[in-house]
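Trainee: I would like to learn how to read a structure feature by feature. Please take me through one.

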Amino acid sequence: MAARATALLAAEDELLLTDLIVAECVYVLESFYEVGRETVADLMRSAITASNMRTTDPELLLRAITVYEQTGIDFAEAYLVAQAEISGVGEIASFDRSIDRVATVTRREP
């Protein structure tokens with residue numbers, strides 16, 4: 001499958017990488033393939049910044065990857081943090097205490 005996917009990525013002039021697929025890739029790389037967090041982050045940065053790859057908000061995805069890599073929180077929470085930062089919200093309502101590791105946002109428990 002990897003060889004076929006690589007061939008497709010190399011052959012296409014333009015591809016869309018959605019936020020949901022980035023999250024799915026992070027999950028599969030971590031859980032199924034047991035790839036380390038730094039390697040997952042490097043792989044996803046490469047995919048997001050590939051010359052033939054388009055995303056709706058590369059800045060958001062790259063920030064989410066950085067938060068995920070540096071804080072050790074799950075990608076979903078890292079994405080939520082990045083959304084809060086970029087949108088200027090600054091506060092997140094969540095029961096997930098791992099968000100407390102990120103100094104740029106405040107978590108409020110509902």
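The dialogue below goes from the overall fold to single residues.

Mentor: This is a predicted model, in which local features need pLDDT of at least 70, side-chain atom pairs count only at pLDDT 80 or more, and totals for chains, interfaces and linings use all residues. Residues are numbered from 1 along each chain as its sequence is written, and side-chain values use heavy atoms, with hydrogens and water left out.

Trainee: How many helices and strands does the protein have?

Mentor: Helices (H or I, at least four residues) and strands (E, at least two) are DSSP runs, numbered from the N terminus. The protein has 5 helices and 4 strands. Their order along the sequence is α-β-α-α-β-α-α-β-β. Along the principal axes, the C-alpha atoms fill a box of roughly 45 × 30 × 20 Å.

Trainee: How do I read burial, and what percentage of the residues in the protein is buried?

Mentor: Buried means under 20% relative accessible area, exposed over 50%, and partly exposed in between (1.4 Å probe, protein chains only). Of the 110 residues in the protein, 32% are buried.

Trainee: Which residues have the most contacts inside the largest nonpolar core?

Mentor: In soluble globular proteins, nonpolar side chains tend to be buried together. A nonpolar core is a set of buried Ala, Val, Leu, Ile, Met, Phe, Trp, Tyr and Cys residues joined through side-chain atoms within 4.5 Å. The largest one here has 26 residues, and those with the most contacts inside it are Val 22, Val 26, Met 44, Ile 65, Phe 75, Val 81 and Val 105. Two or more residues of this core come from each of α2, α3, α4 and α5. Helix α4 gives the largest share, 6 residues.

Trainee: What does Met 44 touch?

Mentor: Contact means heavy atoms within 4.5 Å. Leaving aside residues up to four places away in sequence, Met 44 touches Val 22, Cys 25, Val 26, Leu 29 and Ile 65.

Trainee: Why is the distance between the ends of α4 as expected?

Mentor: The expected span of a helix is 1.5 Å times one less than its number of residues. Helix α4 covers residues 58–71, so its 14 residues should span 20 Å, and its end C-alpha atoms are indeed 20 Å apart.

Trainee: Which residues of α4 are buried, and which helices do they pack against?

Mentor: An α-helix has 3.6 residues a turn, so residues three or four places apart point the same way. In α4 the buried residues are Leu 60, Leu 61, Ala 64, Ile 65, Thr 66, Val 67, Tyr 68 and Thr 71. They pack against α2 (19–31), α3 (37–49) and α5 (75–87). Just after α4, Gly 72 takes a positive phi of about 80°.

Trainee: Which residue that is not a glycine has a positive phi of about 55°?

Mentor: That is Glu 34, which lies in the loop between α2 and α3. Glu 34 counts as exposed because its relative accessibility is 66%.

Trainee: Is Leu 17 buried or exposed?

Mentor: Leu 17 is buried, because its relative accessible area is 8%. Its place is in the loop between β1 (15–16) and α2. Apart from residues up to four places away in sequence, Leu 17 touches Val 22, Ala 47, Ile 48, Met 53, Arg 54 and Thr 55.

Trainee: Where does Ser 51 lie?

Mentor: Ser 51 lies in the loop between α3 and β2 (53–54). At 67% relative accessibility, Ser 51 counts as exposed. The C-alpha atoms of Ser 51 and Leu 15 are 9.6 Å apart, with these positions 36 residues apart along the chain.

Trainee: What do Tyr 79 and Arg 37 touch?

Mentor: Tyr 79 is in helix α5, and it is partly exposed at 21% relative accessibility. Not counting residues up to four places away in sequence, Tyr 79 touches Asp 19, Leu 60, Leu 61 and Ala 64. Arg 37 is in helix α3 and is partly exposed, with a relative accessible area of 25%. With the same residues left out, those up to four places away in sequence, Arg 37 touches Glu 30, Tyr 68, Glu 69, Gly 72 and Ile 73.
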